[in-house]
Amino acid sequence: MKKNRWLLRLIALLALSGALMTTATLAAGSPEDPLVTLSYLNNTFLNTVLQRVDQKIAQYTGVPGSGGSGTASSFAVVTLSEGQALTGDIGCEVLLRVGSAVCSAPSEPGLVDETSGETLANGGALAQNHLYLMTIAGRGVRASAGTVKLLVRGSYSIT
């Protein structure tokens, strides 16, 4: 009777061990579904994903680099350095978030302040968090000091 218990225990232990080995082998992967290492994820895969995300963001927001142009169907963050100017097409909207900037227009009217309902003449300072509309081609915004961050919607160029 004791020998039968040891034999049953041995068979149960072998069956459990076999099941664990099969589970471990399946978890390690196969040629069709290989096991991926953490170093691969951190060094290769993550860089590829980040590059694709940057490309998609640039595609959808139309945010150009310095000296470029773009079209944003929704608001895009644009950064200007002191002296740089953003010139918008008709219908382009600009909202000053950080820094100070002035209206850049060859003639009157300059920009339409949609927030207050007034117009801003050439050289007039933009108020932060006011939305400005360019109703005539050639109107824009010039960064007057430091770094300026704008939210821009519509077609524009940076010079």
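What percentage of the 159 residues in the protein chain is made up of buried residues? Buried residues account for 24% of the chain. The legends below refer to a predicted model.

**Figure 1. Overview of the secondary structure in the predicted model.**
The protein chain contains 2 helices and 7 strands. Read from the N terminus, the order of elements is α-α-β-β-β-β-β-β-β. Of the 159 residues in the chain, 24% are buried.

**Figure 2. Nonpolar surface patch that includes residues of helix α2, among them Y40.**
The residues L38, Y40, L41, F45, V49, V53 and I57 make a nonpolar patch on the surface. The area of this patch is about 620 Å². Helix α2 covers residues 38-61, and Y40 belongs to it. Y40 has a relative accessible area of 42%, so the residue is classed as partly exposed.

**Figure 3. Salt bridge between R153 and E93.**
The count of salt bridges in the model comes to 1. In the pair R153 and E93, the side chains meet with an N to O distance of 2.7 Å. R153 sits in strand β7 and E93 in strand β3, which spans residues 93-104, so that 60 residues of chain separate the partners and the pair links distant parts of the chain. The two ends of the bridge can also be described by accessibility. E93 counts as buried, with a relative accessibility of 11%, whereas R153 is partly exposed at 29%.

**Figure 4. Cysteines C92 and C103.**
The structure holds 0 disulfides. C92 is buried, and its relative accessible area is 1%. C103 is likewise buried, with a value of 2%. A disulfide would require a pair of cysteine sulfur atoms within 2.5 Å.

**Figure 5. Surroundings of R139 in the loop between β6 and β7.**
R139 lies in the loop that follows β6 (131-133) and leads to β7. Which side chain of opposite charge is nearest to R139? The nearest one is that of E108, at 7.3 Å. R139 is buried and has no salt bridge, because a salt bridge needs the nitrogen and the carboxyl oxygen within 4 Å. Two polar contacts of the R139 side chain are shown. One is made with the side chain of S107, at 2.8 Å. The other involves the backbone oxygen of P109, which lies 3.0 Å from a polar atom of the R139 side chain.

**Figure 6. Cis peptide bond from E108 to P109, with the adjoining G110.**
Most peptide bonds are trans. The bond from E108 to P109 is cis, and its omega is near -10°. P109 is in the loop between β3 and β4 (111-113). G110 is found in the loop between β3 and β4 as well. G110 has a relative accessible area of 1% and is therefore buried. N122 is 12 residues from G110 in sequence, and the C-alpha atoms of the two residues are 5.7 Å apart in space.

**Figure 7. Polar contacts of D113 in strand β4.**
D113 is a residue of strand β4. Is D113 buried or exposed? D113 is buried, yet has no salt bridge. R153 provides the nearest side chain of opposite charge, 13 Å away. The side chain of D113 makes a polar contact of 3.1 Å with the side chain of S116. A further polar contact, of 2.8 Å, joins the side chains of D113 and H130.

**Figure 8. Positive phi at N129.**
Most residues other than glycine have a negative phi. N129 is not a glycine, but its phi is positive, at about 65°. The residue is located in the loop between β5 (118-120) and β6. N129 counts as partly exposed, with a relative accessibility of 43%.

**Figure 9. I158 in strand β7 and its approach to Q84.**
Strand β7 runs over residues 140-158, and I158 is part of it. I158 is buried, with 5% relative accessible area. Along the chain, I158 and Q84 are 74 residues apart. Their C-alpha atoms are separated by 7.0 Å.

Notes. Residues are numbered from 1 along each chain as its sequence is written. This is a predicted model: local features need pLDDT of at least 70, side-chain atom pairs count only at pLDDT 80 or more; totals for chains, interfaces and linings use all residues. Side-chain values use heavy atoms; hydrogens and water are left out. Buried means under 20% relative accessible area, exposed over 50%, partly exposed in between (1.4 Å probe, protein chains only). Helices (H or I, at least four residues) and strands (E, at least two) are DSSP runs, numbered from the N terminus. Patches are made of residues with over 30% relative accessible area and no salt bridge: like charges are joined within 9 Å, nonpolar side chains (Val, Leu, Ile, Met, Phe, Trp, Tyr) within 5 Å. Accessible areas come from the Shrake-Rupley method with a 1.4 Å probe; for residues, only the protein chains shown count as cover. Lys and Arg count as positive and Asp and Glu as negative; His and the chain ends are not counted. A polar contact is a pair of N or O atoms within 3.5 Å; within protein, one must be able to donate a hydrogen and the other to accept it, and residues adjacent in sequence count only if both atoms are side-chain atoms.
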